[in-house]
Amino acid sequence: MLGPSVSAYLVLSVVLFVTGVIGVLLRRSPLIVLLALELMLNAGNLALIAFARHSGNTAGQIFALVVMVVAAAEVVVGLGLIVAMSRRRVELDVDKLSSLKG
Amino acid sequence: MSLLVASTAGEVIVWIVWVLAGLALLVSGFAVVLFSNPFYSALALIGNLGSLAVLYLLLSAEFVAAAQVLVYAGAVMVMFLFVIAYIGERADEPFAGRRSLARVAAVVAGVALLVEIIVVIVQDAGGRLSTQAEISGAFGSPRQIGTLFLTDHLLAFEVTSIILLVGAVGGVVLGSGARRRMDDNDEEGGASAVQQPAPPEAA
């Protein structure tokens, strides 16, 4: 293959994934938490496609496409929740959404 | 000789494109997390998805790259931007308000994950990362993807349609249900609160 080997792509994917993890854990706006979740899903997709190219098996690309569909459905439900929260005048702060805490 | 020159030139071009796309990927990824305004974060994520599509092309996944640009950078991000415009831009201090213990624990967890996986990659995962399979020109073409989806991975294909249906129904229920309850509260005032006990957060 021309260009870098699968290890280089995996390092990129790991750094992107950890960026997403830190975003999910540190940010308080649910919108940015959703955006950081997208980063993590895309890092997983990059690793899947790098491994698909590495092993010469297209199944990894199929898996990545399915992940994209799941991410789209997840975004629809997550954004629906955020819109419902905003309509009920709930403050958009994940730290303050603790009604279900025992 | 000319073949050798051509292949080295191709190698150099691929490396340049890879470095540029990788840098854009990481910078836009950090920007998504660091911007205080969700609108800018969403725009940075569009750049992130675009540079990912370039990397997918380098990995000869043409169809996935096209789907990435169309579905993700197009449809999903438009929805994000609509919602951000609808609820208004509310900038918050990126890392304010969290207890310092939670903040430190989050960074430690992230860095530990990073170090663990990089150690595994550097150790070459038991030698499995060094040998690369040869692929034909049809690898990752729409034709091959479509054939696989309709033969080997038919179940995943069908389950995908159910997930999309559930997602669409869920989005409509969450969106319109909230509006109906709010209209009730606005029109009937206290009466509706007696008939159907509203959660304490409701206005």
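A nonpolar core is a set of buried Ala, Val, Leu, Ile, Met, Phe, Trp, Tyr and Cys residues joined through C-beta atoms within 7 Å. With that in hand, let's walk through this predicted model.

Q: Which residues have the most contacts inside the largest nonpolar core?
A: The core in question has 60 residues. Helix 1 (6-26), helix 2 and helix 3 of chain A, together with helix 1, helix 2 and helix 3 of chain B, each supply at least two residues of this core. The residues with the most contacts inside it are Leu46(A), Ile49(A), Ala50(A), Leu55(B) and Tyr56(B).

Q: Which element gives the largest share of this core?
A: Several helices of both chains each contribute at least two residues to the core. The largest share is 14 residues. They come from helix 2 of chain A.

Q: Which residues of chain B is Leu46(A) in contact with, leaving aside neighbours within four places in sequence?
A: Leu46(A) is among the residues with the most contacts inside the largest core. Within its own chain, Leu46(A) is in contact with Tyr9(A), Leu12(A), Ser13(A) and Leu16(A). Its contacts in the other chain are Leu52(B) and Leu55(B).

Q: Why is helix 2 of chain A described as largely enclosed by the rest of the structure?
A: A residue is buried if 20 or more other C-beta atoms lie within 10 Å of its own. Arg53(A), found in helix 2 of chain A, counts as buried with 25 such neighbours. For the helix as a whole, it is largely enclosed because the buried residues number 19 of the 26.

Q: Leu41(A) is found in helix 2 of chain A; is Leu41(A) buried or partly exposed?
A: Not counting residues up to four places away in sequence, Leu41(A) touches Val67(A) and Ala71(A). Burial needs 20 or more other C-beta atoms within 10 Å, and Leu41(A) has 19. That makes Leu41(A) partly exposed.

Q: What distance separates the C-alpha atoms of Leu41(A) and Phe17(A)?
A: Leu41(A) sits in helix 2 of chain A. Leu41(A) and Phe17(A) are 24 residues apart in sequence. In space, C-alpha to C-alpha, the separation is 7.8 Å.

Q: How many Å does helix 2 of chain A reach from its first C-alpha to its last?
A: Helix 2 of chain A has 26 residues, and just after it Gly56(A) takes a positive phi of about 65°. At 1.5 Å a residue, the expected span is 38 Å. The model comes close to that expectation, with a reach of 38 Å.

Q: What is the radius of gyration of chain A?
A: Chain A has three helices and zero strands, and its C-alpha atoms fill a box of roughly 55 × 25 × 25 Å along the principal axes. A compact globule of 102 residues would have a radius of gyration near 13 Å. For chain A the value is 17 Å.

Q: In which helix of chain A is confidence highest?
A: Chain A averages a pLDDT of 88, and 97% of the residues score at least 70. Confidence is lowest in helix 3 (residues 59-87), at a mean of 90. The highest value is 92, in helix 2 (residues 30-55) of chain A.

Q: What is notable about phi of Ser60(B)?
A: Most residues other than glycine have a negative phi. Ser60(B) lies in the loop between helix 2 and helix 3 of chain B and is buried, with 21 other C-beta atoms within 10 Å. Its phi is positive, near 50°.

Q: Which helix gives the largest share of the side of chain B that touches chain A?
A: Chain B has seven helices and zero strands, and 81 of its residues are in contact with 66 residues of chain A. The elements that give two or more residues to this side include helix 1 (2-34), helix 3 (62-87) and helix 6 (154-188) of chain B. The largest share, 14 residues, comes from helix 6 of chain B.

Q: How many charged residues does the side of chain B that touches chain A have?
A: By class, this side has 56 nonpolar residues. A further 17 are polar. The charged residues number eight.

Terms used
Residues numbered from 1 in each chain as written. Chains lettered and ligands numbered in written order. Predicted model: local features only at pLDDT ≥ 70, side-chain atom pairs only at ≥ 80, totals over all residues. Contact = placed C-beta atoms within 7 Å. Helix = DSSP H or I, 4+ residues; strand = E, 2+ residues; numbered from the N terminus. Nonpolar A, V, L, I, M, F, W, Y, C, P; charged D, E, K, R; others polar. pLDDT = per-residue confidence, 0-100. Rg over C-alpha atoms; globule rule 2.2 N^0.38 Å. Expected span 1.5 Å × (residues − 1). Buried ≥ 20, exposed ≤ 12 C-beta atoms within 10 Å, placed from the backbone.
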